[in-house]
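Hi,

Here is the structure I promised to pass on to you. Have a look at it first, and then read on for my notes.

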Amino acid sequence: MQNKDAWLSSLPSAPIFYPTTDEFKDPIAYIQKISATAKSAGICKVVPPKEWNPKFALNLETIKFPTRIQNIANLQKKKMSSKNARRTNLTRPLSKNVDQVVCEVCEGGFHEEVLLLCDKCGKGYHIYCLTPSL
């Protein structure tokens with residue numbers, strides 16, 4: 001184990017900066033000031049002063065994180081068994097009762113927290129049953 005981790009001890013330490021409250025009044029300016037040293041090392045650590053208390057920039061009442069729409073039908077590349085082959089009708093309406101949706105691959109209705117519903121056909125897929133898995 002020691003030989004395996006020996007290379008770690010040969011690496012130079014990353015510079016650590018401890019700015020004063022005055023230096024850190026404008027964090028961006030401070031980072032620009034130390035950028036030459038940080039660039040030469042490839043990485044650095046900046047420990048802000050204990051008194052530093054930045055304003056929280058997000059309004060938690062109005063912030064919304066957009067979700068990415070994934071076309072589940074295109075992610076699924078596994079061959080369908082003859083048992084599942086009859087369920088390929090893409091015109092089936094989207095199921096309103098999520099409790100009745102099962103995974104099209106494993107036919108299980110468990111682990112609903114990782115069961116994705118296709119926007120086109122309403123079929124369900126576990127994220128770990130897809131190829132590639134998500």
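Which residues does His126 touch, not counting residues up to four places away in sequence? They are Cys103, Cys106, Gly108, Phe110, His111, Val114 and Leu115, where contact means heavy atoms within 4.5 Å. I come back to that site below, after some background.

Please keep in mind that this is a predicted model, in which local features need pLDDT of at least 70 and side-chain atom pairs count only at pLDDT 80 or more, while totals for chains, interfaces and linings use all residues. Residues are numbered from 1 along each chain as its sequence is written, and side-chain values use heavy atoms, with hydrogens and water left out.

**The fold in outline**

The protein has 4 helices and 4 strands; these are DSSP runs numbered from the N terminus, with helices being H or I of at least four residues and strands E of at least two. Along the sequence they follow the pattern α-β-α-β-α-α-β-β. Of the 134 residues, 19% count as buried (buried is under 20% relative accessible area, exposed over 50%, partly exposed in between, with a 1.4 Å probe and protein chains only). The accessible surface comes to about 11000 Å², and 58% of that belongs to carbon and sulfur atoms; areas come from the Shrake-Rupley method with a 1.4 Å probe, and for residues only the protein chains shown count as cover. Among contacts between residues at least 6 apart in sequence, 47% join residues at least 24 apart.

**Around His126**

Back to the histidine: His126 is found in strand β4 (residues 124–126). At 0% relative accessibility, His126 counts as buried. Two of the residues that His126 touches are the cysteines Cys103 and Cys106, so you may wonder about disulfides. How many disulfides does the structure hold? The count is 0, a disulfide being a pair of cysteine sulfur atoms within 2.5 Å. For Cys103, the nearest cysteine sulfur is that of Cys129, 3.8 Å away. Cys103 is buried, with a relative accessible area of 0%. Cys106 is in no disulfide either, and its nearest cysteine sulfur, that of Cys103, is 3.8 Å away. Cys106 is partly exposed, at a relative accessible area of 34%.

**The aromatic cluster**

A search of the whole structure finds 2 aromatic pairs. Rings of Phe, Tyr and Trp (its six-membered ring) pair if their centres lie within 6.5 Å; planes under 30 degrees apart count as stacked, over 60 as edge-to-face and the rest as tilted. Phe24 and Tyr30 are edge-to-face, at 5.8 Å centre to centre and 70° between the planes. The rings of Phe24 and Trp52 have centres 4.9 Å apart and planes at 75°, so this pair is edge-to-face. The Phe24 and Trp52 pair links distant parts of the chain, 28 residues apart: Phe24 is in the loop between β1 (16–17) and α2 (27–41), and Trp52 in the loop between β2 (45–46) and α3 (72–75). Together, ring pairs link Phe24, Tyr30 and Trp52 into a cluster. Phe24 and Tyr30 are buried, whereas Trp52 is partly exposed at 35%.

**Salt bridges**

With a salt bridge taken as a side-chain nitrogen of Lys or Arg within 4 Å of a carboxyl oxygen of Asp or Glu, the count comes to 2. Lys25 pairs with Asp22, their closest N and O atoms being 3.3 Å apart, and both residues are exposed. Lys33 pairs with Glu23, with the closest N and O atoms 3.4 Å apart. Lys33 lies in helix α2 and Glu23 in the loop between β1 and α2, so this bridge ties together parts that are 10 residues apart in sequence. Lys33 counts as exposed at 58% relative accessibility, while Glu23 is partly exposed at 33%.

**The loop between β2 and α3**

Phe56 has its place in this loop and counts as exposed, at 60% relative accessibility. Phe56, Leu58, Leu60 and Ile63 make a nonpolar surface patch of about 410 Å². Patches are made of residues with over 30% relative accessible area and no salt bridge, with like charges joined within 9 Å and nonpolar side chains (Val, Leu, Ile, Met, Phe, Trp, Tyr) within 5 Å. Pro54 is also found in the loop, partly exposed at 45%. The C-alpha atoms of Pro54 and Lys25 are separated by 9.8 Å, with their places 29 residues apart along the chain.

Best wishes
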